[in-house]
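Q: I have a model open and would like to learn to read it feature by feature. Could we go through it together?

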Amino acid sequence: MLEILYKDDFLIAVNKPHGLLVHRSSIANDTTEFALQKLRDQIGMTVYPAHRLDRKTGGVLLFSLDKETDRLAQTLFAEKKIDKRYWAILRGFCADKGVIDYPLIKENGTSQNAITHFHRLAQAEIEVPHGKFPTSRYSLVEANPETGRMHQLRRHFAHILYPIIGDRPHGCNKQNKLWKERFAMDTMLLHATSLSFQHPHSGETIEIKADLQPEFLRVLDILKISM
């Protein structure tokens, strides 16, 4: 069963596991489980995804319970009226904080502006050789994407040369291989920690938070990062 984080007469949010698709997709014919169908069957109601998380990302996923709320919720996302927060574990020691303002190219070749704000929460170094270095370094960051482009955080952190651990194809193949072989860890370490917005019907401020999932917590333990 999916963990329900929030529910009222109009909206419902779950903590999506890493590896679960939001809905059926022609580019992923290798799976039969989807968050939309699982939640619909779990609560016995039709649900409408208000936004998307890619398959490898875990965390807060918001659904609407009727078509009018779906329209209003999608408008909030489109108009950047929803504050989105993510945690990610990156290769290397990144800056304390920064803004990544780097356009991203769609599959049809169109360029889209894309902006990500981030700040570092912690850093860690473990006695595991990486390339010519005797140790491996990592940063735990909180990211706040101002825009919502496909794979924005994955592509932005790769662009500044601090890729997300477990990301394919944008990440570091050597680090991904290291974590898979040494720690049996094959999860992309990107988690949607919270959504904050004004309720589309009542105007009430809503903040929905999702706890980190077991594999993310295991990696923090390996890195000796306590939050």
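Q: Let's start with pockets: which residues line the second largest pocket?

A: A pocket here is an open set of points on a 1 Å grid over the protein atoms alone, where a 1.4 Å probe fits, with protein on both sides within 12 Å along at least five of seven lines; lining residues have an atom within 4 Å of a point. For the second largest pocket, that gives Arg91, Gly92, Glu125, His130, Phe133, Thr135, Ser136, Arg137 and Gln175. Before we go on: this is a predicted model, so local features need pLDDT of at least 70 and side-chain atom pairs pLDDT 80 or more, while totals for chains, interfaces and linings use all residues. Numbering runs from 1 along each chain as its sequence is written, and side-chain values use heavy atoms, leaving out hydrogens and water.

Q: What volumes do the second largest pocket and the largest pocket have?

A: Volume is the space filled by probe spheres set on the grid points, which are joined across faces, edges and corners. The second largest pocket comes to about 180 Å³, and the largest to about 1,400 Å³.

Q: Which residues lie nearest the centre of the largest pocket?

A: Look for Arg52, Asp54, Arg149, Met150 and His151, out of 38 lining residues. The elements giving two or more residues to that lining are α2 (67-78), β5 (83-91), β7 (104-105) and α3 (152-159). Those labels are DSSP runs numbered from the N terminus: helices are H or I of at least four residues, strands E of at least two. Helix α3 gives the most, with four residues.

Q: Then let's stay with α3. Which of its residues are buried?

A: Read burial from relative accessible area with a 1.4 Å probe, protein chains only: buried is under 20%, exposed over 50%, partly exposed in between. In α3, Gln152, Leu153, Arg154, His156 and Phe157 are buried. What covers them includes β5, β6 (97-101), β7, β9 (115-126), β10 and β11.

Q: Could you pick one of those? What is Gln152 in contact with?

A: Contact means heavy atoms within 4.5 Å. Setting aside neighbours within four places in sequence, Gln152 touches Leu104, Ala114, Ile115, Thr116, Pro145, Glu146 and Thr147. Gln152 sits in α3 and counts as buried because its relative accessible area is 3%.

Q: And on a strand, is Asn144 buried or exposed?

A: Buried, because its relative accessible area is 15%. Asn144 lies in β10 (residues 136-145). With neighbours within four places left aside, Asn144 is in contact with Asp83, Lys84, Arg85, Thr116 and His117.

Q: What about residues that are distant in sequence? How many Å separate the C-alpha atoms of His191 and Val60?

A: They are 131 residues apart along the chain, yet their C-alpha atoms are separated by 8.1 Å. His191 belongs to β11 (residues 190-198). At 0% relative accessibility, His191 is buried too.

Q: How many disulfides does a search of the whole structure find?

A: Zero. The test is a pair of cysteine sulfur atoms within 2.5 Å. Cys94 is in no disulfide, and the nearest cysteine sulfur to it, that of Cys172, is 15 Å away. Cys172 therefore has no partner either, as the sulfur of Cys94 is the closest and is too far for a bond. Cys94 is buried at 4% relative accessibility, and Cys172 is buried at 10%.

Q: On to the backbone. Where is the peptide bond that is cis?

A: Check omega along the chain: from Arg168 to Pro169 it is near 10°, a cis peptide bond. Pro169 is in the loop between α3 and α4 (173-183).

Q: What about phi: what value does Lys80 take?

A: Phi of Lys80 is near 60°, positive in a residue other than glycine. Lys80 lies in the loop between α2 and β5 and is partly exposed, at 48% relative accessible area. Ala184 also has a positive phi, about 55°, and is not a glycine. You'll find Ala184 in the loop between α4 and β11, where it counts as exposed because its relative accessibility is 63%. Add Leu161 to your list: just after α3, it takes a positive phi of about 70°.
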